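User: Please go through the fold of this chain with me, one point at a time. I would like a short derivation with each reply.

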Amino acid sequence: MYPLEMEDIYRVLEETIRDTGVRRALEVSSERIEKNPMKVLSRYPYLESFREEVRKAKEEVLRNIDYYIDMTMKSVEEIMGTAHLAKSRDEVFKLVDQYVGEPPKLVIKSKSMVTEEIKLREYLERKGHRVVETDLGELLIQIAGEKPMHTIAPAVHMTKERAVKLLRSVGVKVSESSTLEEIVAQVRHYLRNIFIEADVGISGGNTIAADTGAIFLISNEGNIRNTTNLPPIHIAIISIEKIMPNMELAYKQALLQAANAGLYPPTYLSIIAGPSSTADIEQKRIYGVHGPGKVIVILYDGGRSKYLDDPVIWEQLLCIKCGRCQGVCPVWSITGNYWGGPVYGGPMGMGWTAITEDERLASRLSLFCLLCARCTEVCPMDIQLHKIIHELKARLMGRWG
Ligand code: SF4
């Protein structure tokens, strides 16, 4: 449970700063998160030109959100997928129950901040299902029972020794003397049968194209392909601000996100447009061949539409969650996502916590920001992150001070 009161927030941050293991791991990762995107962007300068186009498209979608939600849902249905709009986490749970069915089922998941937001894994576990995270970092977070420390690198704060200890606790055959290569090989072995036996695969979506209903998913480990391809049912839970008007712009957003996360080219970019099918025998179309026979898209609001008209915080909805702002932030570099709220953290975390959790909590957390604006300087969407944080500070003084 993330602390809500000021003195508890202080205590958590103080403990984090004093933890030398976390400090060491964050130092290394902050440098990597800061420098890798710079290298990518100088090597592939055409990526810079996507920024304005993607921002404009996202603004257009946010201005006409109902129109684009409607278009996306119709497009998903046209390609034989099933589309739903869920306003709240309870509505998502109800829909997921409907498709996962009676427990116990084996559910595999790829990393998704939206499912973290609604605590879907915990919900399904409470219902009696076995849920396994398939991204290595997220698997470590699941075993540790913690929150992800970075949007694309959830276990950045963990040392190798800690990772080994956690993996051993679930039966992965690793030891303190295992090399990183051996650890990864053993995780691959551990997950292999789980991928094959899973009843349902749940993913998020880096973006979804309204004109076709195609979901875009980026991955480097290859786990997303297995999660969305091997089980008979694939459920994609995608927040409404991830909608892009068309395939071309969705592709550009996906590349921009990968580049600004410093992972370019992404090893895998999956485009999923409906269930797998064949008509090879007597020209009768049968759904569910090697990939899922059912693809369900749940568009999730979760408080976002309430902020569309907010004069300052609305801009956070343009965020593509690359996490680049975190690597340059002097506060995040010593606190990680312990500073930011129950799910999100660092500069982008303030706005997201206000939108998806609690504006009052976000305002309290914003007091730790130095307003140096380094986050704003690197944001590929030109979001004035420091101004959002400044606004949250002002609201704290004005409304609750
Ligand atoms: S303005 Fe605040 S959130 Fe942004 S980089 Fe500086 S300290 Fe971090």
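User: What distance separates the centres of domain 1 and domain 2?
Analyst: This is a predicted model, in which local features need pLDDT of at least 70, side-chain atom pairs count only at pLDDT 80 or more, and totals for chains, interfaces and linings use all residues. Residues are numbered from 1 along each chain as its sequence is written, and side-chain values use heavy atoms, with hydrogens and water left out. The domain assignment (bounds from an automatic or database source) gives domain 1 as 6-43 + 307-400 and domain 2 as 48-300. Taken over C-alpha atoms, the separation of their centres is 24 Å.

User: How many residues does each domain bring to the contact?
Analyst: Contact here means heavy atoms within 4.5 Å. On that basis domain 2 supplies 35 residues and domain 1 supplies 40 residues.

User: What area is buried between domain 1 and domain 2, and which residues of domain 1 lose the most?
Analyst: Buried area is the accessible area (1.4 Å probe) that two parts lose on being put together, summed over both. Between domain 1 and domain 2 this comes to about 3,300 Å², with 61% given by carbon and sulfur atoms. On the domain 1 side, 18% of what is buried comes from the three residues that lose the most area to domain 2: Ile 320, Lys 321 and Val 343.

User: Over which ring does the charged end of Lys 321 sit?
Analyst: A charge counts as over a ring if NZ of Lys or CZ of Arg is within 6 Å of the ring centre and within 35 degrees of the ring normal. For Lys 321 the distance to the ring centre is 4.5 Å, and the ring is that of Trp 352.

User: What is the strand order of the six-stranded open sheet?
Analyst: Helices (H or I, at least four residues) and strands (E, at least two) are DSSP runs, numbered from the N terminus, and two strands pair if DSSP finds at least two bridges between them. The pairing in this sheet is parallel, and its edges are strand 1 (82-86) and strand 3 (130-133). The order is 1-12-7-4-2-3.

User: Which residue of strand 12 is the bridge partner of Thr 82?
Analyst: Strand 1 and strand 12 (residues 294-300) are joined in the parallel sense by five bridges. In strand 12, the partner of Thr 82 is Ile 296.

User: At what angle does helix 4 run to strand 1?
Analyst: Axes are lines fitted to C-alpha atoms, for helices over the stretch in contact, and angles run from 0 to 180 degrees between N-to-C directions. Helix 4 (residues 65-78) lies across strand 1 and strand 12. Its angle to strand 1 is about 155°.

User: Which residue in the loop between helix 4 and strand 1 has a positive phi?
Analyst: The loop between helix 4 and strand 1 contains Met 80. The phi of about 70° belongs to a residue that is not a glycine, Met 80.

User: In what order do the strands of the four-stranded open sheet run, and which are at its edges?
Analyst: The pairing is mixed and the order is 8-5-6-9. Pairing on one side only marks the edge strands, strand 8 (243-244) and strand 9 (268-272).

User: Which residue of strand 9 is the bridge partner of Leu 217?
Analyst: Strand 6 (residues 215-219) and strand 9 run antiparallel, joined by five bridges. The partner of Leu 217 in strand 9 is Ser 270.

User: Where are the cis peptide bonds at Pro 104 and Pro 265?
Analyst: Pro 103 to Pro 104 is cis with omega near 0°, and Pro 104 is in the loop between helix 5 (89-100) and strand 2. Tyr 264 and Pro 265 are joined by a cis bond with omega about -5°. Pro 265 is in the loop between helix 12 and strand 9.
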